[in-house]
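Got your viewer open? Load the model, give it a spin, and let's go through it one selection at a time.

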Amino acid sequence: MTEVKTEVKKRLLSGMRPTGRLHLGHSRVVQNWIDLADEYEAFYFTADWHAITTAWDTTEMLRENKRQIVIDWLSVGLDPKKCHIFHQSDVKEHAELHVLFSMLTPLSWLERVPTYKGQLQAFSEKGKDIATYGFLGYPLLMAADILMYRPVGVPVGTDQMPHVELARELVRRFHHIYDCEIFPEPAPVFSKIDILPGTDNRKMSKSYDNFILLSASEDEVNAKVKGMVTDPARIRKTDPGHPEVCSVYAYHGFFNKEEQPSICAACKAGEIGCGQCKKRLMELLNEELAPVRARRAELENDPGMLDDIIHEGNAAAREAAQETMTLVREAMKI
Ligand code: SF4
């Protein structure tokens, strides 16, 4: 029996699909990654093969999106000296593990993943058929991504729990079939990440264009804040407001906790105008984004630095992946 489980350092893995530049809401997720990298040996990757599962016909921006998403991570403060940053498609072992897992995974496991049918429906309403072999198998690719690094944990939101569950089930099945103990069962790592609403108070979404990019210029930030949805019942400055329905107020809750209670009171008493309230938010957001912009400019002006970071991250990921694949091939007698 191949028994390899505990010699690996406490690891953690997470990734993002490179589908475009990141917005303010994502900065909270990256901040969580930064915190987790202090505690774990962390592997963070651009999930470019995953992006292709739903956008196989529009790959022309993929390379640029991968570059931009890494710049966004680094601009927010992710430190490449404290974690491994890599591109999924640069570590071909992910594809090998995926194909091997696909041989032993019952079809019903994939068909019952709750997001499968929901996503098919959502894309079909937008006129796109994603009922492909690759899309059905993406949770398995995800399981391969996770298990490749034999991590003890995966940072997840509750909507991703079925994917972690599938990976855990797969671990048990693999060990049972091949009489081995290679993979720890990864535990979900829940972190409290407050969800930033869109600038119109709806869920932040690309299709609503209701977000502020981390790479937004000062003028772009100001224009977005100017267009933010406030209390529609408030016509004059002296009208008593309802901050709880106002997106500007919600943003003050994220970026201006100190002044939020006084803004609330002044709004309710009709003592502050929405223009003034927005102006303060513009100042705060631009203050928050100033160091992010500076770091971005530094990285944009030195493409070699970015290449080196990815090169090192890819090498570390490959080394870990090759160790795992040696064990897997041995267990499967390949
Ligand atoms: S004063 Fe501020 S919190 Fe009140 S409705 Fe206007 S923008 Fe929103």
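How many residues of domain 1 are in contact with residues of domain 2, and how many of domain 2 are on the other side? Keep that in mind while you set up the view; just remember that you're looking at a predicted model.

**Stop 1: the two domains.** Select 2–195 together with 303–332 and give them one colour: that's domain 1. Now pick 206–295 for domain 2 and choose another colour. The C-alpha centres of these two domains sit 35 Å apart.

**Stop 2: where they touch.** Back to the question: 12 residues of domain 1 meet nine residues of domain 2. Stay on the domain 1 side and highlight α1 (24–39) and α3, the elements that each supply two or more residues there. The largest share, four residues, belongs to α3. Colour that side by class and you'll get four nonpolar, five polar and three charged residues.

**Stop 3: a helix crossing.** Next, select α3 (residues 62–76) and α13 (residues 274–300) and hide the rest. Their axes come within 8 Å and cross at roughly 130 degrees. Because of that angle, α3 counts as oblique to α13. And which hand does the crossing of α3 and α13 have, left or right? It's right-handed.

**Stop 4: the side chains in the contact.** Show I71, L74, S75 and V76 on α3, then V292, R295, R296, L299 and E300 on α13; these residues make the contact. Sort the residues of this α3–α13 contact by class, and you have five nonpolar, one polar and three charged.

Key: Residues are numbered from 1 along each chain as its sequence is written. This is a predicted model: local features need pLDDT of at least 70, side-chain atom pairs count only at pLDDT 80 or more; totals for chains, interfaces and linings use all residues. Axes are lines fitted to C-alpha atoms, for helices over the stretch in contact, and angles run from 0 to 180 degrees between N-to-C directions. Angles under 35 degrees count as roughly parallel, over 145 as roughly antiparallel, 65 to 115 as roughly perpendicular and the rest as oblique. A crossing is left-handed if the near helix is turned anticlockwise from the far one by less than a right angle, and right-handed if clockwise. Two residues are in contact if their C-beta atoms, placed from the backbone, lie within 7 Å. Ala, Val, Leu, Ile, Met, Phe, Trp, Tyr, Cys and Pro count as nonpolar, Asp, Glu, Lys and Arg as charged, and the others, Gly among them, as polar. Domain bounds come from an automatic or database domain assignment.
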